[in-house]
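Colleague: I am new to this structure and would like a close look at a single part of it. Please begin with that part and then work outward to the rest.

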Amino acid sequence: MRIRKTTEPIQCHNCQRYGHYAASCQHRKTCLRCAGHHALADCPTPRDEPRCANCSRHHIASYKGCSRYQRALEEQKKKDAQKTRPAQGNRSVPAPRPDKPNSTSFCSPQTSDLQKKHDEAMKKIEERHQLELEAIRLQHQATIEKIEEANTQLFHQLREDTTTQINEMKGRIIHFLGDVLHHLIPTN
């Protein structure tokens, strides 16, 4: 049996949406990495080009910094708070103890430690992933700036070359017209 933290929203591993499990999902399969309709194992998108299935931003769908995750987290916290509040007139329901959070009250210490290590590892992976994405974004921006500069230089060179060619053609046309006029108009 798997125990989930009550403070974390449920995320479907089929459609990547929040609020239900994959076993009860009625939606199409959606990739965790690119939001395409295929399994993550079949994803053709490079790891450094993710797109969230929930908000369409550049991160995987399980990223805890996602705006949709944050919204689902707030909703889950509200639901959990309602579950732990005693009903009016019934003061016998104990409030949760601050020294023992709900998320680990039914877990063994080993499971709790593993969950903490897992959460820390996932946070490090997400942070590294965001740093890598930022580095790629900066590299992409620098490449675009170089291309724009090269395009500007190329445009100016082409304009200069074209102007030179036009002036040469004008000179040839004027010379040609002079020769034609010279042959057409007799000189005395």
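How far apart are the end C-alpha atoms of helix α2, and what should its 76 residues span at 1.5 Å a residue?

Modeller: This is a predicted model, in which local features need pLDDT of at least 70 and side-chain atom pairs count only at pLDDT 80 or more, while totals for chains, interfaces and linings use all residues. Residues are numbered from 1 along each chain as its sequence is written, and side-chain values use heavy atoms, with hydrogens and water left out.

The end C-alpha atoms of α2 are 109 Å apart, which agrees with the 112 Å that its 76 residues should span at 1.5 Å a residue. The expected span is 1.5 Å times one less than the number of residues in the helix. Helix α2 covers residues 109-184, and L184 belongs to it. Helices here are DSSP runs of H or I with at least four residues, strands are runs of E with at least two, and both are numbered from the N terminus.

Some residues of α2 are covered by the protein. S112, E126, H129 and L133 are buried in this helix, where buried means under 20% relative accessible area, exposed means over 50%, and partly exposed lies in between (1.4 Å probe, protein chains only). L184, by contrast, counts as exposed because its relative accessibility is 64%. L184 is also one of the residues in a nonpolar patch on the surface, which M169, I173, F176, L177, V180, L181 and I185 share with it. Together these residues have about 800 Å² of accessible area. A patch is made of residues with over 30% relative accessible area and no salt bridge; like charges are joined within 9 Å, and nonpolar side chains (Val, Leu, Ile, Met, Phe, Trp, Tyr) within 5 Å. The areas come from the Shrake-Rupley method with a 1.4 Å probe, and for residues only the protein chains shown count as cover.

Salt bridges come next. The structure holds 3 of them, each a side-chain nitrogen of Lys or Arg within 4 Å of a carboxyl oxygen of Asp or Glu. Within α2, R128 and E132 meet in one, at 3.9 Å from N to O. These two residues are 4 apart in the helix, about one turn, and E132 is partly exposed at 42% relative accessible area. Also in α2, E134 pairs with R137, with their closest N and O atoms 2.7 Å apart. Here the spacing is 3 residues, again about one turn of the helix. E134 is partly exposed at 36%, and R137 counts as partly exposed at 42%.

A further salt bridge lies outside α2, between E8 and K64, whose closest N and O atoms are 3.7 Å apart. E8 and K64 both sit in the segment before α1, but the pair links distant parts of the chain, 56 residues apart. E8 is partly exposed at 22% relative accessible area, and K64 is partly exposed at 32%.

G65 is also in the segment before α1 and is partly exposed, with a relative accessible area of 42%. The C-alpha atoms of G65 and K123 are separated by 9.8 Å, although the two residues are 58 apart along the chain.

Aromatic rings give another contact. Rings of Phe, Tyr and Trp (its six-membered ring) pair if their centres lie within 6.5 Å; planes under 30 degrees apart count as stacked, over 60 as edge-to-face and the rest as tilted. The count comes to 1 aromatic pair. Y18 and Y69 form it, edge-to-face, with 5.9 Å between centres and 65° between the planes. Y18 lies in the segment before α1 (67-84) and Y69 in helix α1, so the pair ties together parts that are 51 residues apart in sequence. Y18 and Y69 are both buried.

There are 0 disulfides in the whole structure, a disulfide being a pair of cysteine sulfur atoms within 2.5 Å. C34 is in no disulfide, and its nearest cysteine sulfur, that of C43, is 3.6 Å away. C34 is buried at 12% relative accessible area, and C43 counts as buried at 13%.

Last, the backbone. Most residues other than glycine have a negative phi. Q16 has a positive phi of about 75° although it is not a glycine, and Q16 is buried at 4% relative accessible area. S56, also not a glycine, has a positive phi of about 70°, and S56 counts as partly exposed at 47%.
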